[in-house]
Amino acid sequence: MRRLGWSDVTAKSLWLNRRQLIAGGAALAATPALARIEAAPSGYSTDLAPNTFEEITSYNNFYEFGTDKGDPARHAGGLTTDPWSIVIDGLVDRPGTYDLADVVREQPLEERIYRFRCVEAWSMVIPWIGFELAGLLNRVGVQPGARFVAFETLVRPEEMPGVASPFIQWPYREGLRLDEAMHPLTILATGLYGEEMPKQNGAPIRLVVPWKYGFKSIKSIVRISLTADMPPTTWNMLQPQEYGFYANVNPKVDHPRWSQASERRVGAGLFAGREDTLMFNGYEAEVASLYAGQDLAVDY
Ligand code: MTE
């Protein structure tokens, strides 16, 4: 299969996709056509049936556009995602401001169908398109002193109505330990369902770390910094007793205000029961060794 990079896709193609065929002209007017992306399938994908495109793009957390689940779909359409550049700095051999096309260049795109578990105890199954973060980090050259990777989201008040609220100290920030960042399950995603990333899901590029609560998967990234020290992260800054740096999905460590033992699959229907939450969101075999010797009730 020929692999297409970000710069190869035809922007704003008038390709008629499933939802437009189903919903007809109304959807065409409401939803700009997204460019197709080709990607190879991956052995890391789950066999679970993915949520629908509509579910994945209408029930979102993206506080830069508001705190209601429908706010990102309502307000993110005006976000300018082209041109887009990412600052890569800190303890790297080749720091700089990279165009998105440069970031994606030479990175093999794969479709990764991952389980996604929000700390709020809902879950989805999402067919991401992306590439391993390790591929990019290796290209820019990680220096020996680096132990963590910090990420920041764009702050553009004129296009992001939610950043008028001082509730979060913008920019939204996240971070990973270097070994977590280099793990092959950790991807930078540029699309889903075979199309470029919808804006409400973090266009043009966002992190996806499937064994951690969804808040680690930072959207619309403009900065990646390699650091020696553990970086500050948004939810930990807001409520350190409730949200730790690691945020590994763990059914045995409850949120102070609710149980994490089970979850509601978005779209499962009113009468579907809750599902048991799995250790590391079902990725225990792949990632448990990263935390050998750590007490995960302490390092939550
Ligand atoms: N990234 C930014 N910049 N701002 C946010 O508010 N919300 C996080 C995460 N990334 C968030 C973010 C949370 S809480 C979740 S659950 C996921 O994005 C939701 O991703 P989705 O809307 O694509 O399902």
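Helices and strands are DSSP runs, numbered from the N terminus; a helix needs at least four residues and a strand at least two. The model used in these exercises is predicted.

**Exercise 1. Backbone angles**

Find where Ala 247 and Tyr 193 lie, and state what is notable about phi in each.

*Solution.*
Step 1. Locate Ala 247. It is found in the loop between helix H8 (234–238) and strand S12 (262–265).
Step 2. Read its angle. Phi of Ala 247 is near 50 degrees, a positive value in a residue other than glycine.
Step 3. Turn to Tyr 193. This residue lies in the loop between strand S8 (187–192) and strand S9. Phi of Tyr 193 is also positive, near 50 degrees, and Tyr 193 is not a glycine.
Step 4. Set this against the general rule. Most residues other than glycine have a negative phi.

**Exercise 2. Cis peptide bonds**

Which residues does a cis peptide bond join before Pro 83 and before Pro 204, and where do these prolines lie?

*Solution.*
Step 1. Take Pro 83. The bond from Asp 82 to Pro 83 is cis, with omega near 10 degrees. Pro 83 lies in the loop between helix H4 and strand S2 (85–90).
Step 2. Take Pro 204. A cis bond joins Ala 203 to Pro 204, and omega is about -5 degrees. Pro 204 sits in the loop between strand S9 (195–196) and strand S10 (206–208).
Step 3. Recall the general case. Most peptide bonds are trans.

**Exercise 3. An aromatic pair**

Classify the pair formed by the rings of Tyr 63 and Phe 167, and say what the pair ties together.

*Solution.*
Step 1. Start with the count. The structure holds 15 aromatic pairs.
Step 2. Check the geometry. The ring centres of Tyr 63 and Phe 167 are 5.9 Å apart and the planes are at 35 degrees, so the pair is tilted.
Step 3. Place both residues. Tyr 63 lies in the loop between helix H3 (53–58) and helix H4 (71–75), and Phe 167 in the loop between strand S6 (148–153) and strand S7 (173–177), so the pair ties together parts that are 104 residues apart in sequence.

**Exercise 4. The ligand site**

Describe the surroundings of the ligand, its polar partners and its burial.

*Solution.*
Step 1. Count the shell. The ligand is surrounded by 16 residues, and Asn 60, Tyr 63, Glu 64, Thr 153 and Lys 219 are the closest.
Step 2. Sort the shell by class. Seven residues are nonpolar, six polar and three charged.
Step 3. Name the site. The ligand takes up the space of the second largest pocket.
Step 4. List polar side-chain atoms by distance to a ligand oxygen atom:
- Lys 219: 2.7 Å
- Arg 206: 2.9 Å
- Asn 201: 3.0 Å

Step 5. Finish with burial. Taken alone, the ligand exposes 530 Å², and the protein buries 98% of that.

Definitions and conventions
Residues are numbered from 1 along each chain as its sequence is written. This is a predicted model: local features need pLDDT of at least 70, side-chain atom pairs count only at pLDDT 80 or more; totals for chains, interfaces and linings use all residues. Side-chain values use heavy atoms; hydrogens and water are left out. A residue is near a molecule or strand if one of its heavy atoms lies within 4 Å of it. A polar contact is a pair of N or O atoms within 3.5 Å; within protein, one must be able to donate a hydrogen and the other to accept it, and residues adjacent in sequence count only if both atoms are side-chain atoms. Accessible areas come from the Shrake-Rupley method with a 1.4 Å probe; for residues, only the protein chains shown count as cover. On a 1 Å grid over the protein atoms alone, a cavity is a set of points where a 1.4 Å probe fits but cannot get out, and a pocket is an open set with protein on both sides within 12 Å along at least five of seven lines; lining residues have an atom within 4 Å of a point. A molecule sits in a cavity or pocket if more than half of its atoms lie within 2 Å of its grid points. Ala, Val, Leu, Ile, Met, Phe, Trp, Tyr, Cys and Pro count as nonpolar, Asp, Glu, Lys and Arg as charged, and the others, Gly among them, as polar. Rings of Phe, Tyr and Trp (its six-membered ring) pair if their centres lie within 6.5 Å; planes under 30 degrees apart count as stacked, over 60 as edge-to-face and the rest as tilted.
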